[in-house]
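The following exercises concern helix packing, salt bridges and backbone geometry. Each task is followed by a solution in steps.

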Amino acid sequence: MEETDREAVATAVQRVAGMLQRPDQLDKVEQYRRREARKKASVEARLKVQTIQSQLDGVRTGLSQLHNALNDVKDIQQSLIDVSKDWRQSINTIENLKDVKDAVVQHSQLAAAVENLKNIFSVPEIVRETQDLIERGELLQAHRKLMDLEFSRDNLMYEQYRMDSKNTHDMNLIHTYFGEMQKLSEELAKQLWMVVQRSLVTVRRDPTLLVSVVRIIEREEKIDRRMLDRKKQTGFIPPGRPKKWKEKMFNILERTVSTRIEGTQADTRESDKMWLVRHLEIIRKYVLDDLLVAKTLLDQCFPPYYDIFNRLLNMYHQALSTRMQELAAEDLEANEIVSLLSWVLNTYKSTEMMGNSELSPEVDVNSLNDLISQNVVDQLLSKYMSTLTSNIIGWLRKALETDKKDWIKETEPEADQDGYYQTTLPAIVFQMFEQNLQVAAQINEDLKTKVLLLCLQQMNSFLTRYKDEAQLYKEEHLKNRQYPQCYVQYMIAVINNCQTFKESIISLKRKYLKMEMEDTLSSSHASMDATLDVIAKEGCSSLLDEVFMDLEPHLNELMTKKWLMGSNAVGTICVTVEDYFNDFAKIKKPYKKTMTLEAHRRVVVEYIRAIMLKRISFRNAEERKEGAERMIKEAEQFRFLFKKLAAGSGEDTEGLCDIIEAIAEVIKLTDPSLLYLEVSTLVSKYPDIRDDHIAALLTVRGDASRDMKQTIIETLDQGPSQPNPNYVPIFKEITVPTLTVPKLLK
C-alpha cells in the first residue's frame, strides 16, 4: 500500500507540473481543481457500479451451483436406496460363499507351501551346508542360508497363524521341523561374538571379517524391525525374535573392555613390590593403543550412526573408573596410594594417555568425568598422610639407630670433600624427605606442602631424640674413656651434622615451599635451629671436657712450688690443646670458631682458678717477681697458641690473656704502698671480681697483713665502678675455697 501511495503521489505531481508550466495558468487553478474533482467523482461512480455488478454475478453463480448440488444429492440418495435394496437381497448369497472363502485361505497357505516347498524338502541339506560355512568362517554366506530357512519357517507359521491362531499343534510341528535352524543361529552368534571380542585385533589383521560381522548384525536388526512392525499389525511374531544382536554386540564389547582392564594385573604385592606401578602402566599402554586403533581403523568398519569410537571411549572410561575404585578400596601402602592418585589425577588426562594429540579432537579431556570421586581422593590422601607419618617416624628411628652403631666403630668417620668429619645420617634423612616430597609433588601442590610440613614437624621431634642420644653417648664414654675408641671423631661428626641439618632444612624449604608459606614455618624453623645449636654446643662442651680431663693433672701443677721451681705444665697444656685442636680442625667453621673461643676462655679461667686456690704464697719480692714474670710468659704462650688456633677467624684473642698479665702485675708490685692503686686498677678493668678474689690474690702475694687486706677491700667497696660495656664477666665462674688451705711453702 505504501508503494502504491507513493506512485499515486508521483503521478499527481507530474500532472500538476504539466498544468502549471506558465504564469498565466495560475489564474486557472480553481478551474483545474473543479475539473479534476468531476473526473474523480466520475471514476468513483464507475467503480461502484462495477463492484455491484461483480457481486450480482457472484450471487447468480452461487445460486446455480446450489441448484446443481441439490440435484446431485437427490441422485445419490436414490442410488443409496437402490444399493440397500440390492444388499438385502444378496445376504443369503454371501452366506453361501463361506466355503469359497475357506478355499481361498487354504489356497493361500498351499501357495505359500508350494513357494517354500523346495526349502522345506531341502532343510536338512541347507542345515548341513550352513554348518559347513560357519565352520569355514564364511559367515556372510552362512547367514544368507540361515535367512532363507528362517524366511520359509516364518512364512509357514504366519499362514498357519492366519488360518487358525489357536492351532498350536501345527505351529509346534513347523517349529520342530525347523528346530536345527535355531542351533545354527546360536552357533553363528558364537562366531560373531568371538570376532567382536577380538575386534581390535581382527581389525588390524582382517578388517573384512569384522565388516562381515557388522553387515550380518545390520541384517538382523532390519529383520527385527520388520517382524516387530508385523506384530503390531497382525499380532504374530516368529519364535526367537527380536534377536537384538546389535545390543548384544555392545554388551560383548563392554565385557571385553572390562576383562581387558582387569586382566592387566600380572603381579601381586607379595611377588613384586612395584605391582601397582606395573599394573597402571600396562593399563595406560593398552588403553591408549586400543583407542588409537579404534579411531584409525575400527571406526571405518562400522556405520557412522553406531558412533563406535565414542561408545568404546565411554566403555573404557567406565571400566577404568570401576577398576580404580576397586584398587582404592584395597589396603594400599603409602607408595601405592601415591602411585594410584598420581595416575588417576595426572597421568589419565595427560598427553601420555587421554590427552594424546593423536586422539584429539575426538577426545576432550576437559569433558571426561573423574575416575574416582573427590571423597575417595580425600580418604586416600588422609590414609596416605597417616601412613607416611608412621613411616617417617620409623625411618627416622631406624636411621638414628644405624648412626648410633657407627659411633662405636673403631674406625674414624668419613669426611666430606672439605675434610670435615660427618656421618651418613643427614644424607639419609633428607634423601628420604626428598623422595617423599618428589612423590607428593606428582599429585598436587597442596599435598607437597602438607608432606613438607610433616617432614619438618617430625624433624623437630627427631632432633630432640638426637640430642638425647648424643648426651647418652657422652655419659657412656665418661664411664670408660677408652671406649669408644673414636669418641672424639664421632662427636665432631655429630657437631658437623648439626650444620649439615641446618643447611639441608634451608635447602628443602627453598626448593619445596612457596614464599607465602614461609611465615607458617618460621617458629618451627627457629625451634629446629635452636635445638641444633644446643646439640652442637653440648657436643663442643663435651669435647672440651675431654680436653680438660687430660689437662687436669697439669692444671693442678699451676701456682705450686713445683710450678715455681720450673714446671713445664703450661707447655704441656699448650701442646695437649693444640693436639686436640688438630682433630677439632675437622669441625665446621661456625662451631669451630665458637669452640676455639670457649677453649681460650676455659684455659684462662682454670689458670685464674689455680691462682685463687692459694696453693702458693710467695715469701719475698724475688719469688713474687719470678712468679709474676712466669705468669706473664705463660700468658704470652696462651696468647700465641690461641691466636694460632683462631687464625682466619677474625676474632680478638688478646683480652683474655690480659687478665693473667693484670694479676701478674699485682703480684709483681714491689712497693706495698702502691698495692691499693694496682688492685683498684684491676677491679676497674674487671668489675665482676669479688672481695674473696682480692683476698686470695693478696694471700698469694704473701706480704699483705690482715689489716691491709681489710683496708684495701673496704676502700674498693666504697669506690665507684665503671665497667667496660664490652667486658664479658669471667670471675663469676671462679669460686674461692672458704676453708683454710695449708701452705705449700713453709
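**Exercise 1. At what angle do helix H11 and helix H12 pack, and which residues make the contact?**

Step 1. Helix H11 (residues 207-234) and helix H12 (residues 245-262) pack at about 140°, and their axes are 8 Å apart. Helices here are DSSP runs of H or I with at least four residues, numbered from the N terminus. Axes are lines fitted to C-alpha atoms, for helices over the stretch in contact, with angles between N-to-C directions running from 0 to 180 degrees.

Step 2. H11 and H12 are therefore oblique to each other. Angles under 35 degrees count as roughly parallel, over 145 as roughly antiparallel, 65 to 115 as roughly perpendicular, and the rest as oblique.

Step 3. H11 contributes Ile 216, Ile 217, Glu 220 and Glu 221 to the contact, and H12 contributes Trp 245, Lys 246 and Met 249. Contact means heavy atoms within 4.5 Å.

Step 4. By class, this contact of H11 with H12 has four nonpolar, no polar and three charged residues. Ala, Val, Leu, Ile, Met, Phe, Trp, Tyr, Cys and Pro count as nonpolar, Asp, Glu, Lys and Arg as charged, and the others, Gly among them, as polar.

Step 5. The basis of these values should be noted. The model is predicted: local features need pLDDT of at least 70, side-chain atom pairs count only at pLDDT 80 or more, and totals for chains, interfaces and linings use all residues. Residues are numbered from 1 along each chain as its sequence is written, and side-chain values use heavy atoms, with hydrogens and water left out.

**Exercise 2. Which loop holds Lys 244, and what is its phi?**

Step 1. Lys 244 is in the loop between H11 and H12.

Step 2. Although Lys 244 is not a glycine, its phi is positive, at about 55°.

Step 3. With a relative accessible area of 44%, Lys 244 is partly exposed. Buried means under 20% relative accessible area, exposed over 50%, and partly exposed in between (1.4 Å probe, protein chains only).

**Exercise 3. How far apart in sequence are the salt-bridge partners Glu 733 and Arg 601, and where does each lie?**

Step 1. The side chains of Glu 733 and Arg 601 form a salt bridge at 2.5 Å, N to O. The term requires a side-chain nitrogen of Lys or Arg within 4 Å of a carboxyl oxygen of Asp or Glu.

Step 2. The pair links distant parts of the chain, 132 residues apart: Glu 733 is in the segment after helix H28 (706-718), and Arg 601 is in helix H23.

Step 3. Glu 733 is partly exposed at 34% relative accessible area, whereas Arg 601 counts as buried at 18%.

Step 4. For a local pair, take Lys 404 and Glu 401, whose side chains meet in a salt bridge of 3.6 Å, N to O. These two are three residues apart in helix H16 (residues 374-407), and are therefore separated by about one helical turn.

**Exercise 4. Is Tyr 607 buried or exposed, and which residues does it contact?**

Step 1. Tyr 607 lies in helix H23 (residues 589-612).

Step 2. Its relative accessible area is 0%, so Tyr 607 is buried.

Step 3. Beyond neighbours within four places in sequence, Tyr 607 is in contact with Leu 558, Trp 563, Val 570, Met 631, Glu 634, Phe 638 and Ile 660.
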